[in-house]
Amino acid sequence: MPDVPGVSTPHRVLPPNDPRQYDDLADEWWRPDGAFAMLHWLARARAALVPPASTPDELLVDLGCGAGLLAPHLAGKGYRHVGVDLTRSALDQAADHGVTAVQGDATAVPLTDACAAVVSAGEVLEHVPDWRRAVAEACRLLQPGGLLVLDTLNDTLLARLVAVELGERLPTVPRGIHDPRLFVDARALVAECARHGVSLEVRGVRPELGGTLAWLLRRMRGGDRPARTEPRMVPTRSAAVLYQGWGRRGG
């Protein structure tokens with residue numbers, strides 16, 4: 001891949017955060033050591049925040065669901081999993097993993113008010129030109145007492161350094177997958193959720209160091225066998241780079 005801003009293929013070079021990147025990377029979604037490896041780690045950590053459904057077939061809406069990476073971690077929890085995404089190639093794969101696929105924008109979701117017991121917004125807010133509208137939509141979809149879970153990148157210089165300047169130079173991370181101008185300030189996110197009736201708590205998370213170094217070393221050596229276990233996401237005292245959020249809608 002040439003060292004230029006944006007994701008390159010033999011056919012085109014795209015600007016940072018262009019949604020067409022996900023069509024070019026369609027074969028990477030379910031590769032354990034592929035371009036979206038960390039999204040698998042984050043999906044497992046996000047699912048751990050979701051309790052079992054309290055009634056059969058409660059609705060969980062997965063905004064920016066991609067290829068449905070959350071689905072295996074929700075197995076047995078009793079939800080009807082509806083995934084919303086812009087990218088048709090990703091949605092087709094999500095459907096293969098049991099997700100009811102809905103093509104749509106996270107800022108204008110084609111679902112009814114208060115339809116969901118849980119809304120997940122994993123690694124999507126930092127890709128949305130207007131994250132506040134996406135938050136408003138997520139909160140609109142929640143039933144009273146419903147749970148919002150999310151993770152995103154903070155709007156800090158450290159996040160730009162770690163996620164873009166360093167992270168996108170790793171051999172498995174696509175160049176230009178992020179536009180740091182869209183990163184989401186954690187305090188502003190908490191305040192925006194409160195405006196829409198959701199009391200959000202946040203905490204920093206990061207991949208565990210030992211497992212991540214072992215994973216990265218193996219990838220750099222060109223190993224073709226996936227690791228027996230993937231690195232875990234662990235809490236950290238600082239939310240300056242990557243953070244989780246969870247909270248319930250009042251009412």
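**Exercise 1. Pairing in the sheet**

In which sense do strand 6 (residues 198–207) and strand 8 (residues 242–249) pair, and over how many bridges?

Solution. Keep in mind as you work that this is a predicted model.

- Step 1. Find residues 198–207, which make up strand 6, and residues 242–249, which make up strand 8.
- Step 2. Compare their directions: the two strands pair in the antiparallel sense, over 7 bridges.
- Step 3. Pick out one of the partners: Leu-200 has Gly-247 of strand 8 as its bridge partner.

**Exercise 2. The whole sheet**

Work out the strand order of the sheet and name the strands that stand at its edges.

Solution.

- Step 1. Follow the 8 strands across the open sheet, and you read the order 3-2-1-4-5-8-6-7, with mixed pairing.
- Step 2. Look at the two ends: strand 3 (100–103) and strand 7 (233–236) each have a single partner strand, so one side of each has no neighbour in the sheet.
- Step 3. Add the twist: on average, neighbouring strands of this sheet are turned by 25° against each other, direction ignored.
- Step 4. Now place a helix against the sheet. Helix 4 (residues 88–96) lies across strand 2 (79–85) and strand 3, and runs at about 165° to strand 3.

**Exercise 3. Rings in a cluster**

Decide whether the ring pairs of Trp-29 with Tyr-22 and with Phe-36 are stacked, edge-to-face or tilted.

Solution. Two values are needed here, as a pair of aromatic rings is described by the distance of the centres and the angle of the planes.

- Step 1. Start from the total: there are 4 aromatic pairs in the structure.
- Step 2. For Tyr-22 and Trp-29, the centres are 6.0 Å apart and the planes make an angle of 20°, a stacked pair.
- Step 3. For Trp-29 and Phe-36, the centres are 4.2 Å apart and the planes stand at 25°, so this pair is stacked too. The cut-off behind both verdicts is that planes under 30 degrees apart count as stacked.
- Step 4. Put the pairs together: Tyr-22, Trp-29 and Phe-36 are linked by ring pairs into a cluster.
- Step 5. Check the surroundings. Tyr-22 and Trp-29 are both buried; the relative accessibility of Trp-29 is 6%, and Phe-36 is buried at 4%.

**Exercise 4. Charged partners**

For three of the salt bridges, find the distance and say whether each partner is buried, partly exposed or exposed.

Solution. The structure has 12 salt bridges in total. For the verdicts you need two limits: buried is under 20% relative accessible area, and exposed is over 50%.

- Step 1. Arg-20 and Asp-18 meet at 2.7 Å, N to O. Arg-20 is partly exposed at 40%, whereas Asp-18 is buried at 11%.
- Step 2. Asp-179 and Arg-181 have their closest N and O atoms 2.8 Å apart. Asp-179 is buried at 10%, but Arg-181 is exposed at 67%.
- Step 3. Arg-140 and Glu-137 also form a salt bridge, with the closest N and O atoms at 2.8 Å. Arg-140 is partly exposed at 22%, while Glu-137 is buried at 12%.
- Step 4. Why are Arg-140 and Glu-137 separated by about one helical turn? The two are 3 residues apart in helix 5 (residues 131–141), which accounts for that separation.
- Step 5. Widen the view: Asp-113 joins Glu-137 and Arg-140 in a network of salt bridges.

**Exercise 5. The nonpolar cores**

Find the largest nonpolar core and say which element gives the most to it.

Solution.

- Step 1. The largest nonpolar core has 31 residues, and Val-61, Leu-63 and Leu-125 are among those with the most contacts inside it.
- Step 2. Among the elements that each supply at least two residues of this core are strand 1 (58–63), strand 4 (116–122), strand 5 (142–153) and helix 7 (186–195).
- Step 3. Helix 5 gives the most, with 6 residues.
- Step 4. Another core lies apart from this one, with 21 residues, including Leu-49, Leu-74, Leu-147 and Ile-177.
- Step 5. Zoom in on Leu-125: not counting residues up to four places away in sequence, its contacts include Trp-131, Leu-150 and Leu-189.

Definitions and conventions:
Residues are numbered from 1 along each chain as its sequence is written. This is a predicted model: local features need pLDDT of at least 70, side-chain atom pairs count only at pLDDT 80 or more; totals for chains, interfaces and linings use all residues. Side-chain values use heavy atoms; hydrogens and water are left out. Rings of Phe, Tyr and Trp (its six-membered ring) pair if their centres lie within 6.5 Å; planes under 30 degrees apart count as stacked, over 60 as edge-to-face and the rest as tilted. Buried means under 20% relative accessible area, exposed over 50%, partly exposed in between (1.4 Å probe, protein chains only). Two strands pair if DSSP finds at least two bridges between them. Helices (H or I, at least four residues) and strands (E, at least two) are DSSP runs, numbered from the N terminus. Axes are lines fitted to C-alpha atoms, for helices over the stretch in contact, and angles run from 0 to 180 degrees between N-to-C directions. Contact means heavy atoms within 4.5 Å. A salt bridge is a side-chain nitrogen of Lys or Arg within 4 Å of a carboxyl oxygen of Asp or Glu. A nonpolar core is a set of buried Ala, Val, Leu, Ile, Met, Phe, Trp, Tyr and Cys residues joined through side-chain atoms within 4.5 Å.
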